[in-house]
Amino acid sequence: MASINLLAQTQEADWLEQHHNGLNFGGIRDVGAAVERAHRQGLLGGEELLAIATTLHGARQLRRTIDGQPPEALPVLQALVAELSTHPDLEQQIYHCIDDRGDVTDRASPKLGGIRDRTKATRQDIQQRLQRILQRQAGAMQELLITQRGDRFVLPVKAPQKDSVPGIVHDASASGATLYIEPQAVVELGNRLRQLLRQEKTEEEIILRQLTEAVAEVYADLTHLLAVVTELDLAYARARYSLWLEANPPRFIEPHEQTTLRQLRHPLLVWQQRHEAGPAVVPTNLLIRPELRVVAITGPNTGGKTVTLKTLGLAALMARVGLYVPAREPVEIPWFDQVLADIGDEQSIEQSLSTFSGHIRRIGRILAALGDEGEVGEVGGESDEGEARVVDNHPLPEPNSTHPSTHPPTHSPTHPLTPHSNSLILLDEVGAGTDPTEGTALAIALLKHLADRARLTMATTHYGELKALKYQDARFENASVEFDEATLSPTYRLLWGIPGRSNALAIARRLGLNTAVVDQAAALMALGSQDDVNQVIAGLEAQRRDQEERSQAAAELLAATEKLHNEVQYKAHLLRDREQDLKRQQQAAVQAAIAEAKRDIAKVIRRLQQGEATAQAAQQATAAVDAIASTHLPTAAVPAPAKPGYRPAVGDRIRIPSLGQTAEVLTAPDSDHRITVRFGLMKTTVSLGDIESLRGEKAEVPVKAKPADTVPAAQAGPPAPAIRTSRNTIDLRGMRVAESEAVIEEAIAQGSGALWIIHGHGTGKLKAGVHEFLKRHPQVQRFEPAAQADGGTGVTVAYL
């Protein structure tokens with residue numbers, strides 16, 4: 001299975017663990033051997049059949065759990081269990097015939113039930129006869145009990161009095177004082193019991209054979225089921241282990257992308273820290289540019305070089321098998337088809353392999369795995385101890401080539417930076433174990449060779465000449481493990497771009513080597529040219545530490561800024577919540593005032609309807625409504641004055657607020673300051689005072705001079721609420737929809753304000769037709785069912 005599919009399974013199992021308490025594998029057993037034996041016509045026992053039944057039930061529960069989740073959350077796992085056959089009929093058949101202890105039940109067959117009934121009766125008959133003998137011959141008994149020897153019931157009789165209980169002696173005690181005799185009176189019953197037990201055994205085997213054949217018939221489905229359940233178990237185990245590691249899902253990168261592994265930790269070191277009270281794990285950062293092919297890691301012994309190699313190799317293999325990688329997001333790593341390593345000292349006296357020859361033999365195996373067979377000769381005898389550690393020479397199938405970032409990259413052999421193999425090579429102490437000059441030459445040649453053939457090679461070394469390869473070939477890079485000279489101990493941090501020093505003298509001094517020896521070695525070092533190189537490296541390390549301190553200060557400042565930003569956002573969120581709460585309280589108060597005002601208005605309307613409709617009564621009602629409005633309605637905000645001076649032109653788009661429509665101007669204003677407009681399929685003539693621009697500008701209307709005797713118009717007060725009378729009420733009951741539309745049209749043309757339309761309930765067609773007509777009518781602003789006192793849903797109130 002491809003790595004991408006495995007990783008998708010892990011991610012979906014992770015989702016289940018966090019959102020659905022994971023998967024329950026209760027009842028599922030490893031029944032592969034039993035299923036295979038049934039397929040080969042063997043006979044399964046009751047416990048094996050019961051395990052198959054519980055496995056079928058557990059697999060069905062797993063499928064229900066997965067299918068019960070949203071399809072977009074678990075597409076891979078749902079596809080995996082889509083073809084799962086759990087055969088509930090077989091499960092029920094087994095449960096019917098096998099009990100919880102794995103024994104065949106009495107209900108398995110009528111014949112078996114009859115045999116067991118007769119067996120029980122015979123056993124009871126034997127017990128009763130033996131009890132009577134015990135009572136009659138109590139003095140001859142060693143103990144007053146009934147026991148068994150084999151499948152025969154016997155009595156413990158004193159040896160001197162054996163003639164008092166005639167029968168068959170089946171056993172004697174070690175001292176010979178007690179004889180276990182089956183009395184002659186129950187011998188025939190004992191024979192009958194043995195026959196019944198044999199018949200019971202035969203019938204049980206027949207039932208087990210039938211169940212075994214039923215299992216064999218669905219062999220293919222059961223084999224597939226076990227494979228699917230195993231795959232689910234592995235996915236869930238990967239997810240739980242990844243969560244325990246606090247790891248993150250990797251992304252397989254393209255050849256032109258950078259490998260990014262920040263805060264990478266070795267899983268075994270994490271285990272030691274958490275379960276064995278080990279020291280805190282020092283993570284490493286691996287940021288490898290796409291053009292790099294070889295990374296040479298230098299630095300002191302015990303500094304963590306080898307652990308870095310192993311951690312990278314484990315990360316590559318964990319990503320391949322669908323595990324999360326214990327590193328900080330984003331985790332971006334190439335898909336390596338092979339991980340080949342030469343780590344450790346495999347010298348062997350038996351195979352005549354020294355340290356150097358052991359390394360050479362394994363390197364030869366690595367080159368052979370890369371397709372360079374025959375380039376490195378065999379060293380020593382034929383033994384696995386002298387071979388290269390090919391961690392993975394049988395790669396998984398390549399990921400789906402349709403995925404843009406997961407398939408192994410394809411390279412052109414003509415490009416100077418293109419490797420022949422998409423492999424990861426890990427070499428520990430390359431070239432070590434021989435003369436330093438020859439070892440250095442061999443290491444340089446090997447690393448250049450691997451740069452042409454492998455996707456990435458990481459090698460640890462103490463040879464200073466390998467540090468210069470970075471400045472000769474762009475595919476090489478230096479890295480080093482940090483050493484704290486103040487404490488004379490390694491920090492286990494990996495530093496990029498700076499070659500490391502071995503610090504052998506400092507380590508020797510820390511480990512207690514004679515001071516005079518160390519001082520003499522330092523003096524000899526000072527005579528050579530190596531001291532100048534070490535001074536340059538020391539200066540680079542000092543610059544790096546200064547840059548790291550500055551970077552740390554900047555990071556702390558950024559963290560403080562982010563903290564302040566989060567606090568401001570939090571307070572802004574609180575203010576928004578407070579504002580929304582105030583708005584909701586205000587809205588609730590307004591709604592309460594409106595509801596109270598409606599109740600008061602309804603009282604006024606009922607008094608008006610109950611009394612005689614006179615002008616004086618109408619004036620009194622209007623005054624009462626005005627008083628209610630002044631009491632309950634909030635003071636209206638003074639609207640901003642509209643922008644004057646707008647003059648519409650032909651073709652302009654304008655707004656008609658009274659109709660709630662936008663329209664197109666067809667004619668210029670006439671002498672009466674009216675224009676013709678069109679909205680939709682309708683044309684109409686409106687006054688300049690009734691329109692405004694789309695930006696809210698009011699049209700400029702020339703003011704005519706008032707005649708001297710003109711009485712100033714009374715200022716319009718607030719509109720009075722609609723009151724139902726006989727003039728604004730029409731009754732459509734008994735009419736057809738077409739007839740009612742003409743009546744409504746006439747009432748709308750003659751009326752204003754509100755119109756009460758009585759249509760009743762009936763079949764509902766008249767009511768639906770009225771509502772449809774009102775929706776289309778341009779003069780109807782809105783409509784709603786009347787109040788319950790005015791007819792409820794049998795009456796519609798239209799506001800014109």
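This section describes the overall architecture, the charged pairs and selected local features of a predicted model.

The protein comprises 800 residues, of which 38% count as buried. Its secondary structure amounts to 18 helices and 24 strands. Among contacts with a sequence separation of 6 or more, 66% are made by residues 24 or more positions apart. The exposed area of the protein is about 45,000 Å², and carbon and sulfur atoms contribute 52% of this area.

Salt bridges number 31 in the structure. One of them links distant parts of the chain, joining R251 to E332 with 3.1 Å between the closest N and O atoms. R251 belongs to strand β5 (residues 250-252) and E332 to strand β9 (residues 328-333), the two residues being 81 positions apart. The partners differ in their accessibility class: R251 has a relative accessible area of 29% and is therefore partly exposed, whereas E332, at 17%, is classed as buried because the value falls under the 20% cut-off.

The surroundings of E332 include T260, a residue of strand β6 (residues 259-264). With neighbours within four places in sequence set aside, T260 contacts L286, L287, P330, V331 and E332. T260 itself has a relative accessible area of 4% and is accordingly buried. Of these contact partners, P330 is located in strand β9, and the peptide bond that joins E329 to P330 is cis, with omega at about -5°. Most peptide bonds, by contrast, are trans. E332 thus appears both as a contact of T260 and as the acidic partner of R251 in a salt bridge.

Other salt bridges connect residues that are close in sequence. R129 and D125 are paired through their side chains at an N to O distance of 3.5 Å. Both residues are part of helix α6 (residues 110-136), where a spacing of four residues corresponds to about one turn of the helix. R129 is partly exposed, its relative accessible area being 29%, and D125 is likewise partly exposed, at 25%. A further pair is formed by R40 and E36, whose closest N and O atoms lie 3.1 Å apart. Here R40 is exposed, with a relative accessible area of 64%, while E36 is partly exposed at 25%. Salt bridges also connect D106, R116, E200 and E204 into a network.

Positive charge is also grouped on the surface, where R599, K603, R606 and R607 form a patch. Within this group, K603 is a residue of helix α15 (residues 530-610). The relative accessibility of K603 is 44%, so this lysine is partly exposed.

Two residues other than glycine adopt positive phi values, E246 at near 55° and E429 at about 55°. Most residues other than glycine have a negative phi. Each of these glutamates is placed in a loop: E246 lies between α8 (219-245) and β5, and E429 lies between β12 (421-427) and α12 (436-453). Their accessibilities fall in separate classes, E246 being exposed at 56% and E429 being partly exposed at 22%.

Another loop residue, E465, is found between β13 (454-460) and β14 (476-484). When residues up to four places away in sequence are not counted, E465 touches T440 and I444. The C-alpha atoms of E465 and A441 are 8.9 Å apart, with 24 residues separating the two in sequence. E465 has a relative accessibility of 48% and is partly exposed, because this value does not exceed the 50% cut-off for exposed residues. A further C-alpha distance concerns M525 and L505, which are 20 residues apart along the chain and 9.8 Å apart in space. M525 is situated in helix α14 (residues 515-527) and, with a relative accessibility of 38%, is partly exposed.

Technical notes. Residues are numbered from 1 along each chain as its sequence is written. This is a predicted model: local features need pLDDT of at least 70, side-chain atom pairs count only at pLDDT 80 or more; totals for chains, interfaces and linings use all residues. Side-chain values use heavy atoms; hydrogens and water are left out. Buried means under 20% relative accessible area, exposed over 50%, partly exposed in between (1.4 Å probe, protein chains only). Contact means heavy atoms within 4.5 Å. Patches are made of residues with over 30% relative accessible area and no salt bridge: like charges are joined within 9 Å, nonpolar side chains (Val, Leu, Ile, Met, Phe, Trp, Tyr) within 5 Å. Accessible areas come from the Shrake-Rupley method with a 1.4 Å probe; for residues, only the protein chains shown count as cover. A salt bridge is a side-chain nitrogen of Lys or Arg within 4 Å of a carboxyl oxygen of Asp or Glu. Lys and Arg count as positive and Asp and Glu as negative; His and the chain ends are not counted. The place of a charge is taken as NZ of Lys, CZ of Arg, CG of Asp or CD of Glu.
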